[in-house]
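This report goes through a single protein chain, from its sheet and helices to a few chosen residues. Please keep the sequence and the structure in view while reading.

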Amino acid sequence: MSASTRELINPPAIHPAPGFSHVSIAEPGRIAYIAGQVALAPDFSVVGGDDLAAQTRAAMQNVKLALDAIGATWDDVVRRTIYTLRPTEYEVITSAIEAVQGSSQHPAQTIVGVTGLAVDGLLIEIEATVHLP
C-alpha cells in the first residue's frame, strides 16, 4: 500500500457525479502520467469487438498493468480522461470500470466524445494521472 493519500470530494452544490468525482486531492509525492490505454492485445488485435463494455474492461486492464509497473494502485489514480466514440454510454463505461477496479470510488474524470481513435475498431481510450508517494 502506498503512503500517499487521495481525498475525493463531490461538492453538494454541483450535480451528482455518477462514475467519477468532481475533485481529487493528493499529497505528498510525485505525479505519473499513464498514456491513453486502449483495448489492444499485444499483437495489436482489438479486444472486445464492437462491445463497449468489453473494450472498456480491456483498456482498464492495460491501465492496471501500467499501474503495476510503477507500484501504484487504483487508489493512487487522481485523474482519468476517457476518449470514446460513445460518450453518452457513460453508464456502460462506469460499470465496466468498476468491474475492473473492484470499487465504485472514482477520481476526477472527463469523458470526451471523439470521431475516431488510432486504430480502426477501437471505441474507447483511457488515460490516467497517478499520485505516487
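## Basis

A residue is called buried here if its relative accessible area is under 20%, and exposed if that area is over 50%. The model is predicted.

## A buried histidine

H106 has a relative accessible area of 3%, so it counts as buried. Its place in the chain is the loop between α2 (90–101) and β5 (108–113). Two polar partners of the H106 side chain can be named. One is the side chain of E98, with which H106 makes a polar contact at 2.8 Å. The other is the backbone oxygen of G19, which the side chain of H106 reaches at 3.2 Å.

Which residues surround H106, once its neighbours within four places in sequence are left aside? The contacts are L8, G19, F20, S21, R80, T94, I97, E98 and Q101.

## A buried glutamine in β5

Q109 belongs to strand β5. Its relative accessible area is 10%, and Q109 is therefore buried. The side chain of Q109 makes a polar contact with the side chain of R80, at 2.6 Å.

With neighbours up to four places away in sequence set aside, Q109 is in contact with G19, F20, S21, R79, R80, I82 and I97. R80 is thus listed among the contacts of Q109 and also among those of H106. G19, F20, S21 and I97 likewise appear in the contacts of Q109 and in those of H106.

## The sheet

Strands of a sheet pair through backbone hydrogen bonds, in either a parallel or an antiparallel sense. In this model, 4 strands make up an open sheet with mixed pairing, and their order is β3-β6-β4-β5. Why do β3 and β5 each have one side without a neighbour in the sheet? Both stand at the edges and have a single partner strand each, so one side of each is left free of a neighbour in the sheet. On average, neighbouring strands of this sheet are turned by 10 degrees against each other, with direction ignored.

Strand β6 (residues 124–132) is mostly covered, with 8 of its 9 residues buried. It pairs in the antiparallel sense with strand β3 (residues 30–38) over 7 bridges. Strand β4 (residues 77–84) also runs antiparallel to β6, and 7 bridges join these two strands. Individual bridges can be traced: A32 has V130 of β6 as its bridge partner, and V77 is likewise bridged to V130. V38 stands opposite E125 in β6.

## The helices

Two packed helices are described by the angle between their axes and by the distance between those axes. For α1 and α2 the angle is about 40 degrees, and the axes are 8 Å apart. Angles that are neither under 35 degrees, nor over 145, nor from 65 to 115 count as oblique. The two helices α1 and α2 are therefore oblique to each other. The crossing of α1 past α2 is right-handed. On the α1 side, L52, A53, T56, R57, M60 and Q61 take part, and they meet V92, I93, A96, I97, A99, V100 and Q101 of α2.

Both helices also lie against strands. α1 lies across β3, β4 and β6 and runs at about 145 degrees to β3. α2 packs on the sheet, where it touches β4, β5 and β6, and its direction makes about 135 degrees with that of β4.

## Two exposed residues

R30 is located in strand β3. Is R30 buried or exposed? Its relative accessible area is 56%, so R30 is exposed. Not counting residues up to four places away in sequence, R30 touches V130, H131, L132 and P133. R30 and T5 are 25 residues apart along the chain, and their C-alpha atoms are separated by 12 Å.

F44 lies in the loop between β3 and α1 (52–69). Its relative accessibility is 60%, so F44 counts as exposed. F44 has a positive phi of about 70 degrees, although it is not a glycine.

Notes: Residues are numbered from 1 along each chain as its sequence is written. This is a predicted model: local features need pLDDT of at least 70, side-chain atom pairs count only at pLDDT 80 or more; totals for chains, interfaces and linings use all residues. Side-chain values use heavy atoms; hydrogens and water are left out. Buried means under 20% relative accessible area, exposed over 50%, partly exposed in between (1.4 Å probe, protein chains only). A polar contact is a pair of N or O atoms within 3.5 Å; within protein, one must be able to donate a hydrogen and the other to accept it, and residues adjacent in sequence count only if both atoms are side-chain atoms. Contact means heavy atoms within 4.5 Å. Two strands pair if DSSP finds at least two bridges between them. Axes are lines fitted to C-alpha atoms, for helices over the stretch in contact, and angles run from 0 to 180 degrees between N-to-C directions. A crossing is left-handed if the near helix is turned anticlockwise from the far one by less than a right angle, and right-handed if clockwise.
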